[in-house]
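Me: Please take one part of this chain and go through it closely. Then connect it to the rest of the model, as far as the coordinates and the database record allow.

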Amino acid sequence: MKQVTFTLSATDGMARRGRIDTPRGEINTPAFMPVGTAGTVKAMYPEQVRDTGADILLGNTYHLMLRPGAERVASLGGLHTFMNWERPILTDSGGFQVMSLAKLRKLTERGVTFKSHIDGSAYELTPERSIEIQTLLDSDIIMQLDECIALPAERKEMERAMELSIRWADRSKTAFNNQQNRMLFGIVQGGDDAELRSRSAAGLQSIGFDGYSIGGLAVGEPQEVMFRVLSDITPELPADKPRYLMGVGKPDDILGGIERGVDMFDCVHPTRAGRHGHAYTRFGVINLKNARHRDDHRPLDEASPNPNCRRWSRAYLHHLVKTEEILGAMVLSQINLAYYQELTARARAAIEAGRMTDFAAETRAAWAAGDLPVL
């Protein structure tokens with residue numbers, strides 16, 4: 001029997017509560033996955049990431065294949081050992097970064113050839129090589145290679161990329177070869193076109209995957225377009241398989257995704273925002289670069305379950321940000337990741353209790369009320 005399984009335990013409207021069981025531990029869904037791009041979640045120790053409530057991390061195939069290299073990571077015991085993270089890891093396929101970062105890329109039916117954005121070295125990434133790299137990294141959840149294009153785009157271009165992604169999905173499935181201790185996810189493409197998305201979903205289901213990702217969103221389109229696409233496509237995906245919205249997003253994106261039946265999310269935003277002086281709390285986002293905080297003795301949120309929200313004054317955090325002290329990036333990254341985990345944990349509880357609509361309204365009302373006024 002396959003050693004990685006998904007169980008759906010509760011629903012409330014389109015929102016879903018579930019659990020993925022893997023040999024390395026459970027993943028409670030809805031889940032937010034912190035991004036460990038190059039084998040680390042920036043400014044965080046692994047145990048600190050786990051303490052925020054994270055069940056799983058994301059590793060980036062493109063960056064790890066360039067440095068230090070998948071074969072080297074494998075020779076050093078795999079990515080879990082290499083970065084000292086014992087729990088599950090999901091790796092993306094590398095396709096998005098090839099399209100967005102690589103130099104002089106050339107796309108063919110076989111795959112994509114490109115030059116590294118680091119030193120110009122030449123590489124080829126095919127569906128088979130992507131699966132091989134992710135297996136060498138010892139990923140628990142593997143993504144097919146796909147082609148992701150920015151929006152808005154012409155329908156003909158969205159259709160071409162979607163159909164190529166389906167053909168690559170079939171090759172990825174063959175290369176994966178039904179590994180028993182991992183999951184393989186297909187990626188639904190089709191831009192903002194409902195008919196193309198539907199065709200993509202049907203094509204992937206005819207191949208058969210352990211989970212289904214929704215790619216090609218949060219790539220330039222307005223939020224309402226993303227939500228429309230999600231509302232259209234999630235009902236067409238198998239109810240007994242996890243659904244993963246790739247690269248999304250801010251808290252309001254995640255809340256909207258949960259309401260529309262998404263189970264898994266990832267994004268660099270919480271750590272990147274922390275490094276740039278922004279903190280996420282129940283009041284929404286607080287910009288600690290703002291001079292209003294420089295004489296404010298209050299903590300970020302005295303009622304927060306996160307000690308770091310209560311430990312330091314806003315004035316001190318403002319000082320750390322303005323002086324670009326490393327501690328500021330560390331503290332705010334932890335605060336943001338903890339808030340994301342708090343948001344998804346509370347959503348799980350709300351779905352179980354049948355009060356997702358009320359929870360979403362209360363959360364949005366708190367964000368809209370904003371930060372407390374300066375004393």
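Reply: Start with strand β12, residues 211-214, which is covered on both faces. G211 and S213 point to one side, Y212 and I214 to the other, and all four are buried. The model is a predicted one.

The pairing of β12 comes next. Strand β11, residues 183-188, runs parallel to β12 and is joined to it by 4 bridges. One contact can be named residue by residue: V188 has I214 in β12 as its bridge partner. I214 is thus a buried residue of β12 and also a bridge partner.

Y212 leads on to the aromatic residues. The structure holds 6 aromatic pairs. A pair of rings is described by the distance between the centres and the angle between the planes. One of the pairs, F114 with Y123, is useful for contrast: the centres are 5.8 Å apart and the planes make an angle of 15°, which counts as stacked because the limit for stacking is under 30 degrees. The two partners differ in exposure. F114 has a relative accessible area of 2% and is buried, whereas Y123, at 25%, is partly exposed.

Y212 has its partner in F209. Their ring centres are 6.1 Å apart and their planes stand at 80°, so this pair is edge-to-face; the cut-off for that label is over 60 degrees. Both F209 and Y212 are buried. F209 has a further contact: the charged end of K173 sits over its ring, 6.0 Å from the centre. Another charge over a ring is found at F227, where R260 lies over the face at 4.1 Å from the ring centre. Elsewhere, F32, Y280 and Y340 form one aromatic cluster.

Now the annotated positions. For "binding site", an unreviewed UniProt entry lists D92, S93, G94, G95, F96, D146, Q189 and G216. The lining of the largest pocket includes D92, S93, G94, G95, F96, D146, Q189 and G216 from that list. G95 is found in helix α5, residues 95-100. With a relative accessibility of 2%, G95 counts as buried, because the limit is under 20%.

D92 is in the binding-site list and is also named in the "active site" annotation of the unreviewed entry, together with D266. These two positions span 175 residues in sequence, yet their C-alpha atoms are no more than 10.4 Å apart, so they gather at one spot. Both D92 and D266 are included in the lining of the largest pocket. D92 lies in the loop between β6 (89-91) and α5. At a relative accessible area of 10%, D92 is buried.

After α5, the chain can be followed into an open sheet of 3 strands, ordered β7-β8-β9 and paired in the antiparallel sense. β7 (103-107) and β9 (122-125) are the edge strands; each has a single partner, so one side of each is left without a neighbour in the sheet. On average, neighbouring strands here are turned by 15° against each other, direction ignored. β7 pairs with β8, residues 112-115, over 3 bridges, and L107 stands opposite V112 in β8. The stacked pair described above belongs to this stretch by residue number: F114 falls within β8 and Y123 within β9.

A second open sheet of 3 strands has the order β1-β2-β3, also with antiparallel pairing. β1 (5-12) and β3 (25-29) stand at its edges with a single partner strand each, so one side of each has no neighbour in the sheet. The average turn between neighbouring strands is 15°, direction ignored. β1 and β2, residues 15-22, are held in antiparallel pairing by 7 bridges, and D12 stands opposite A15 in β2.

Finally, the record places a "domain: tRNA-guanine(15) transglycosylase-like" annotation, again from an unreviewed entry, on residues 13-367. Over that range the chain is 44% helix and 19% strand. The C-alpha atoms at the two ends of the range are 23 Å apart.

Key:
Residues numbered from 1 in each chain as written. Predicted model: local features only at pLDDT ≥ 70, side-chain atom pairs only at ≥ 80, totals over all residues. Heavy atoms only, no water. Phe/Tyr/Trp six-rings, centres within 6.5 Å; stacked < 30°, edge-to-face > 60°. Buried < 20%, exposed > 50% of the residue type's maximum accessible area, 1.4 Å probe, protein only. Lys NZ or Arg CZ within 6 Å of the ring centre and 35° of its normal. Pairing = 2+ DSSP bridges. Axes fitted to C-alpha atoms, helices over the stretch in contact; angles between N-to-C directions. UniProt positions renumbered as here; feature names shortened; annotations may be inferred. 1 Å grid on protein atoms, 1.4 Å probe; cavity = no way out; pocket = protein on both sides within 12 Å on 5 of 7 lines; lining within 4 Å.
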